Amino acid sequence: MVTIAHSPPWWKWVVMMASFFALLVGGTVSYCAGVVHVALLDYYQEDRTVTAWLGSLFASMFALTGPVASLIINMFSCRTCVIFGGVLELVGFASSVFFTDMRWLFLTYAILVGLGEGLVYTGSIVLLGFYFKDQVSLVTGVGMAGVGMGTFFLPPLTQYLLDNYGLKGCFLFLGAIAFHAVVFGALMRPSEIETELAVSAKSGKSVCQQILTSLCGRCDRVGEMFHPAFLLLLLSTFSFSVGNFTSYLFLPDIFIKQGSSPQEASFLFSMVGVGGALARPLGGFAANDPNIGPSVLFSGTYGVIATIDFFIWPMTKTMVGKVAYAFMFGLYASVGWVLINPLTLHIVGMRNLASGYGIAMLASGLGIMIGPPLASSTFFVSSACGLMIMLLKKTQSDVPEESDVPELQSLTDRKDHHFDEVTVVIKCPSTDRFPSPSAPSGTEDGMSTA
């Protein structure tokens, strides 16, 4: 049984700011995965594909844990979810320091830290939907601006920590920063709808029934979770996440391969955060306009970011182009995350918001997990094909030198024979008449005389 005192009407603004700062410190550590990815390659010297799997699992866990966050929210509250997430992030980063084998980081860095970030992220977003039913798009955009701010300052801060304290020291600092989400989670008083959901999930049911109800909602509303519009939302979120986080993970490495230093790459990646910080509140404001709506904005921004990614290679050849690409990428790629919450609320309703949002984040997490390893495998296959082409070209260039020796010798003999004939022709007239070389008729007479 959960008993919560009613919050004053103005407390919802405190909740909005608490969500902003919780997302700022505890909901954005996965956006450092690209900077940490380069450090992991240098420190552990492991295979690129294995390291990509580690980075993709870490980046996707915040979304894969959506159903777990929904379970905690429905059975307890968003505050419990956020506080527990901050503790897990600290434990995961701190325990990663003690292992020298990178495979242990799949448990500590990827799973524990990723799970903690997912709990902070989902709890902070869902709570805004509970408090702001009529302005959920706008308020979600303001709250998620914390993610954009975190994307702005965390990558260069992570690079600074890596340069001065190494990979292990960087993990300790990131764990301490993420742990501050506990403070802001304590300010998130449960709303009335949370109290009702917790009471409904626990009253007169076994543990298995409580878990099933918390994950899927009430039995009379389960059909709403399989609405065609919601299934299309899941498919769209999955497809976008495959390409979106592939770019996030490999973007610093691309900048470095294009001639930028690690410090410049982290600065450029922070420009993604600048674009995201601007796009999230603006996207929420536009989605709150009834003449636009979240559906049109959701599909439109995805089309724009696909076009921008198509021109990544020519745009990243100069520093100005890199800054422009990073800013536009953050500007358009960040809007979709703001719109998942209001779209889910519109489709499945308030009582199934936590469960629906958790399932949507699960679809996104699957895309995030599959995308980077798929891109890394494509890079390996393309490199192998390029190497085979080079070897075939070299083999073809070597073969004529061996097989065509008789033909070349024949050409040489022919050339020598022709040289002797010319020598005779020149000598014959030169001994009798000494004709001028410019007189062809004299040459013919000399030849007839000889």
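Here is a short chat about a few residues and the nonpolar core of a predicted model.

Visitor: Let's start with Ser364. Where is Ser364 placed?

Guide: In helix H17, which covers residues 353-403.

Visitor: Is Ser364 buried or exposed?

Guide: Buried. Its relative accessibility is 0%, and buried means under 20%, so Ser364 qualifies.

Visitor: Which residues does Ser364 touch?

Guide: Leaving out residues up to four places away in sequence, Ser364 touches Ala63, Thr237, Ser241 and Trp337.

Visitor: Trp337 caught my eye. Which residues have the most contacts inside the largest nonpolar core?

Guide: Trp337 is one of them, along with Tyr109, Tyr121 and Phe130. That core has 111 residues.

Visitor: Which helix gives the largest share of this core?

Guide: Helix H6, residues 105-131. It supplies 14 residues.

Visitor: And Phe130, what does Phe130 touch?

Guide: Beyond residues up to four places away in sequence, Phe130 has contacts that include Ile73, Cys78, Ile193, Leu197 and Met350. Ser191 and Glu194 are also among them.

Visitor: New topic: Met16. Where is Met16 found?

Guide: In helix H1, residues 11-26.

Visitor: Why does Met16 count as buried?

Guide: Because its relative accessibility is 11%, and the cut-off for buried is under 20%.

Visitor: What does Met16 touch?

Guide: Leu128, Phe132, Val139 and Val142, again not counting residues up to four places away in sequence.

Visitor: How many residues apart along the chain are Met16 and Val142?

Guide: They are 126 residues apart along the chain. Their C-alpha atoms are separated by 8.0 Å.

Conventions:
Residues numbered from 1 in each chain as written. Predicted model: local features only at pLDDT ≥ 70, side-chain atom pairs only at ≥ 80, totals over all residues. Heavy atoms only, no water. Helix = DSSP H or I, 4+ residues; strand = E, 2+ residues; numbered from the N terminus. Buried < 20%, exposed > 50% of the residue type's maximum accessible area, 1.4 Å probe, protein only. Contact = heavy atoms within 4.5 Å. Core = buried A, V, L, I, M, F, W, Y, C linked by side-chain atoms within 4.5 Å.
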